[in-house]
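Please read the sequence alongside the model shown below. The report that follows takes up backbone angles, contacts, aromatic rings, a helix and a pocket in turn.

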Amino acid sequence: KIVFLIDVSGSMDTRLIKRVLKTISYDLYKLNRSLKYDIIAWNTGLSQHLRDIKPKEQLPNIRVGGGTEMADGMVYFKENYDKNAILVLISDFEDSLSRWHEVEDSMVGYEIYAWNYGRYTNEKINWTRLKQRDFSDYGYVDD
């Protein structure tokens, strides 16, 4: 199971989130048409938890707004999924990355990825388990 934990705080652009969701759906459809995935939309708490989404299905409407506490979203993921699930955290990284690191450090046996769509990252973290990919240099921000 692939689970996308999406930052829906006020600093995230609605157009970016829609574009990312469309790309996820398209790419997973190309990979395996019967594959299902989950989305956890999170700001300072759970906004939406969408389960068993089929690729190429109508894209869900994701509400954007509020603050950012993505470490708590990672804890929520850990409480709701076993180690067979893959976590992909999508954010602009405008949050306490040291808190992310505390949580990801405790997630022994989980496969964790983070896609950074933000321009700036104040904290440089040596992740224990999380694999970070930065997309801000690829024209995905404010285009």
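Asp52 lies in strand E3, and in this predicted model its phi is near 55°, a positive value in a residue other than glycine. With a relative accessible area of 40%, Asp52 is classed as partly exposed, because that class runs from 20% to 50%. Phe93 likewise has a positive phi without being glycine, here near 65°, but its place is in the loop between E4 and H3. The relative accessible area of Phe93 is 3%, and Phe93 therefore counts as buried, the limit for that class being under 20%. The two residues are set side by side in the table.

| Residue | Phi | Relative accessible area |
|---|---|---|
| Asp52 | near 55° | 40% |
| Phe93 | near 65° | 3% |

Strand E3 also holds Ser47. Once neighbours within four places in sequence are left aside, Ser47 is in contact with Val8, Ala41, Trp42 and Arg63. As for Arg63, its C-alpha is 7.5 Å from that of Ser47, while the two residues are 16 apart in sequence.

Which residues does Arg129 touch, if those up to four places away in sequence are not counted? The contacts of Arg129 are Glu104, Asp105, Met107, Val108, Gly109 and Ile112. Arg129 itself is found in the loop that runs between strand E5 (111-116) and strand E6 (130-134), and because its relative accessibility is 22%, where buried would require under 20%, Arg129 counts as partly exposed. Met70 is 59 residues away from Arg129 in sequence, and the C-alpha to C-alpha separation of these two residues is 16 Å.

Met70 belongs to helix H2 (residues 70-80), in which Ala71, Gly73, Met74, Tyr76 and Phe77 are buried as well as Met70. In general, an α-helix has 3.6 residues a turn, so residues three or four places apart point the same way. The cover over the buried residues of H2 includes strand E1 (2-7), strand E2 (37-42), strand E3 (46-53), strand E4 (86-91) and helix H3 (97-105).

Turning to the aromatic rings, the structure holds nine aromatic pairs. One of them is formed by Phe93 and Trp100, whose rings meet edge-to-face, with 4.8 Å from centre to centre and 65° between the planes. Both partners, Phe93 and Trp100, are buried, and Phe93 is the loop residue already described for its positive phi. Elsewhere in the account of rings, Phe4, Tyr37, Trp115, Tyr117 and Phe135 form one aromatic cluster. A charged side chain also takes part in a ring arrangement: Lys131 lies over the face of Tyr113, at 5.2 Å from the ring centre.

The last topic is the largest pocket, which has a volume of about 230 Å³. Its lining is made up of 12 residues, and those closest to the centre of the pocket are Thr23, Ile24, Asp27, Trp115 and Tyr117. Trp115 and Tyr117 are also members of the aromatic cluster described above. Which helix gives the most to the lining of this pocket? Helix H1 (residues 14-31) does, with seven residues. By residue class, the lining of the largest pocket divides into nine nonpolar residues, one polar residue and two charged residues.

Key:
Residues are numbered from 1 along each chain as its sequence is written. This is a predicted model: local features need pLDDT of at least 70, side-chain atom pairs count only at pLDDT 80 or more; totals for chains, interfaces and linings use all residues. Side-chain values use heavy atoms; hydrogens and water are left out. On a 1 Å grid over the protein atoms alone, a cavity is a set of points where a 1.4 Å probe fits but cannot get out, and a pocket is an open set with protein on both sides within 12 Å along at least five of seven lines; lining residues have an atom within 4 Å of a point. Grid points are joined across faces, edges and corners, and a volume is the space filled by probe spheres set on the points. Helices (H or I, at least four residues) and strands (E, at least two) are DSSP runs, numbered from the N terminus. Ala, Val, Leu, Ile, Met, Phe, Trp, Tyr, Cys and Pro count as nonpolar, Asp, Glu, Lys and Arg as charged, and the others, Gly among them, as polar. Rings of Phe, Tyr and Trp (its six-membered ring) pair if their centres lie within 6.5 Å; planes under 30 degrees apart count as stacked, over 60 as edge-to-face and the rest as tilted. Buried means under 20% relative accessible area, exposed over 50%, partly exposed in between (1.4 Å probe, protein chains only). A charge sits over a ring if NZ of Lys or CZ of Arg is within 6 Å of the ring centre and within 35 degrees of the ring normal. Contact means heavy atoms within 4.5 Å.
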